[in-house]
Amino acid sequence: MNNLFLFTGEHVFDLQEKLKSWKEAFLKKYGEGGLEEYSESTDPDLRKLITMLQTESFLSEKRMVIIHGIPPSADQKIPSDLDPLLNCLEDLPETTIAVFINPKPDQRTSAFKKIASLSETLKFP
């Protein structure tokens, strides 16, 4: 089973509804202890995100990490080097589910290409 997902597309309402249903299903099955959210715009420290992704959950059987703003959109500035994050995705614990969310990612970037190649992409056109 794939544990990496990319939600993208300009129909933001449908994207948010799908995310909401996934969060509700996760909370119902595993409880609040395993749900984490990260937003590049409010916390640009990628080390924190990498730690979230690599650390197995001890409060829940599984961990879901929802990542807003990565891969970046064309008008978005990412101050940090994304390579350490992209490298950690290849060895994600089976107990971690990572959901990357950006309605309009810049598909020309290496970050988008790497995440798209490793994840199951859900498009909301």
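**Exercise 1. The side chain of S57**

Which backbone nitrogen does the side chain of S57 reach at 3.5 Å? Work on the predicted model, and then place S57 in its surroundings.

*Solution.*
- Step 1. Start with the polar partner. The S57 side chain reaches the backbone nitrogen of L59, at 3.5 Å.
- Step 2. Look for another backbone nitrogen. That of S60 lies 3.1 Å from a polar side-chain atom of S57.
- Step 3. Locate the residue. S57 sits in the loop that runs between helix 2 (46-54) and strand 3 (63-68).
- Step 4. Check exposure. The relative accessible area of S57 is 13%. Buried means under 20%, so S57 counts as buried.
- Step 5. List the neighbours, leaving out residues up to four places away in sequence. S57 touches G33, G34, K62 and R63.

**Exercise 2. The nonpolar cores**

Find the largest nonpolar core and state which elements supply it.

*Solution.*
- Step 1. Count its members. The largest nonpolar core holds 23 residues. Those with the most contacts inside it are L49, L53, I67, I70, L85 and F100.
- Step 2. Assign the elements. At least two residues of this core come from each of strand 1 (4-8), helix 2, strand 3, helix 3 (83-88), strand 4 (96-101) and helix 4 (110-118).
- Step 3. Find the main supplier. Helix 2 gives the largest share, five residues.
- Step 4. Take L85 as a case. Not counting residues up to four places away in sequence, L85 touches L46, L49, I50, L53 and I70.
- Step 5. Look for a further core. Another one, of 13 residues, lies apart from the largest core; L19, I97, V99 and L122 are among its members.
- Step 6. Set this against the general pattern. In soluble globular proteins, nonpolar side chains tend to be buried together.

**Exercise 3. The whole chain**

Give the order of elements, then decide how the radius of gyration compares with that of a compact globule.

*Solution.*
- Step 1. Count the elements. The protein has four helices and five strands.
- Step 2. Read them from the N terminus. The order is β-α-β-α-β-α-β-α-β.
- Step 3. Test the radius. For 125 residues, a compact globule would have a radius of gyration near 14 Å. The protein has 14 Å, so the two agree.
- Step 4. Take the dimensions. The C-alpha trace spans about 35 × 30 × 30 Å along its principal axes.
- Step 5. Check burial and surface. Buried residues make up 45% of the 125. The accessible surface is about 7,100 Å², and 50% of that belongs to carbon and sulfur atoms.
- Step 6. Check sequence range. Of contacts between residues at least 6 apart in sequence, 80% join residues at least 24 apart.

How values were computed
Residues are numbered from 1 along each chain as its sequence is written. This is a predicted model: local features need pLDDT of at least 70, side-chain atom pairs count only at pLDDT 80 or more; totals for chains, interfaces and linings use all residues. Side-chain values use heavy atoms; hydrogens and water are left out. Buried means under 20% relative accessible area, exposed over 50%, partly exposed in between (1.4 Å probe, protein chains only). A polar contact is a pair of N or O atoms within 3.5 Å; within protein, one must be able to donate a hydrogen and the other to accept it, and residues adjacent in sequence count only if both atoms are side-chain atoms. Contact means heavy atoms within 4.5 Å. A nonpolar core is a set of buried Ala, Val, Leu, Ile, Met, Phe, Trp, Tyr and Cys residues joined through side-chain atoms within 4.5 Å. The radius of gyration is taken over C-alpha atoms; the globule rule is 2.2 Å times the number of residues to the power 0.38. Accessible areas come from the Shrake-Rupley method with a 1.4 Å probe; for residues, only the protein chains shown count as cover.
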